[in-house]
Amino acid sequence: MQEYKDIKYQTHPQVYEPAEDTFLLADNLEVERMSRALEIGTGTGLIAILASRKARMVIATDINPHALDCTLKNIIANKAYNVELRKGDLFEPVKDEKFDLILFNTPYLPTSEDEIVNGELDAAWNGGPNGREVIDRFLAELKDHLNPGGKVQLVQSTLSGNEETLEKLEELGFQASITARENGFFEEMVVITAVLS
Ligand SMILES: C[S@@+](CC[C@H](N)C(=O)[O-])C[C@H]1O[C@@H](n2cnc3c(N)ncnc32)[C@H](O)[C@@H]1O
């Protein structure tokens, strides 16, 4: 068992282990009391469990089945029973549903064909050749799943074009800014927070 603040969590070899990007988002979460939240790509469930402390309920999804098994154990260990799990690609598990807050620590690493690794862990960081494959699919559907005045917080890095995300969000009618930053070895990781105006 590992620990972040008072949350105890276990990991799994095929699930993204919470790292600097996870903790950057965890430390800068903006969750309104009693809101309805969605976390896409929950991994071990740490972010969803943290958000569930303030939100009325959190739906946590992942494309990786091991992530859902791991998150279920962590939900039970932390008695976070207002977190609901669903498996699937991006918004597919929440087809017609809307939320006050959507969270996503994205797979943002530019990854060429020969860098793809076997197994489910690949989805944790594989952002396609330019790092934006999953981010752009996410942005294309985002607005349909937010209530008026809703908020999105996503994590990405300079490796995958922060300005491009900010511009796309503004074009979609959001007020968007970088609300947290952290330097890694080869990149600056950021939390982008945007409110639908
Ligand atoms: C960088 S990891 C973040 C995990 C966790 N939220 C955290 O912060 O530690 C990205 C997560 O998104 C999931 N993921 C990647 N592509 C996805 C997609 N298209 N739909 C749903 N989940 C996806 C991965 O399986 C992985 O668990």
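## Helices on the sheet

Let's start with helix α5, residues 162-171, which lies across β7, β8 and β9 in this predicted model. The direction of α5 is at about 160° to that of β8.

## The sheet as a whole

What is the order of the strands in the open sheet? Its 7 strands follow the order β5-β4-β3-β6-β7-β9-β8, and the pairing is mixed. At the edges you will find β5 (83-87) and β8 (174-183). Each of these two has a single partner strand, so one side of each is left without a neighbour in the sheet. From one strand to the next, the twist averages 15°.

Helix α1 (residues 20-27) also packs on this sheet, where it touches β6 (99-105), β7, β8 and β9. Its direction makes about 35° with that of β9.

## Strand β7 and its two partners

Strand β7 is a good place to pause. Of its 12 residues, 9 are buried, so β7 is largely enclosed by the rest of the structure. Strands in a sheet pair through backbone hydrogen bonds, in either a parallel or an antiparallel way, and β7 offers an example of each.

With β6, strand β7 runs parallel, and 6 bridges join the two. Here I102 stands opposite V152 of β7. Between these strands the chain passes through helix α4 (residues 133-142), going from β6 to β7 in a right-handed β-α-β crossover.

With β9 (residues 188-196), on the other hand, β7 (residues 146-157) pairs in the antiparallel sense, over 7 bridges. Two positions are handy for tracing this pairing by eye: V155 stands opposite V191 in β9, and V152 has A194 as its bridge partner in β9. V152 is therefore a useful residue to pick out, because it faces I102 as well as A194 of β9.

## Around the ligand

Which residues are the closest to the ligand? They are T22, G41, G43, N64 and N105, from a surrounding set of 21 residues. By class, this shell has 12 nonpolar residues, 7 polar ones and 2 that are charged.

Some of the shell can be traced to particular elements. Helix α2 (46-52) supplies at least two of its residues, and strand β4 (57-62) likewise supplies at least two. Strand β4 also belongs to the open sheet, where it sits between β5 and β3 in the strand order.

Notes
Residues numbered from 1 in each chain as written. Predicted model: local features only at pLDDT ≥ 70, side-chain atom pairs only at ≥ 80, totals over all residues. Near = placed C-beta within 6 Å. Helix = DSSP H or I, 4+ residues; strand = E, 2+ residues; numbered from the N terminus. Nonpolar A, V, L, I, M, F, W, Y, C, P; charged D, E, K, R; others polar. Pairing = 2+ DSSP bridges. Axes fitted to C-alpha atoms, helices over the stretch in contact; angles between N-to-C directions. Contact = placed C-beta atoms within 7 Å. Buried ≥ 20, exposed ≤ 12 C-beta atoms within 10 Å, placed from the backbone. Right-handed = clockwise from strand over helix to strand, strands pointing away.
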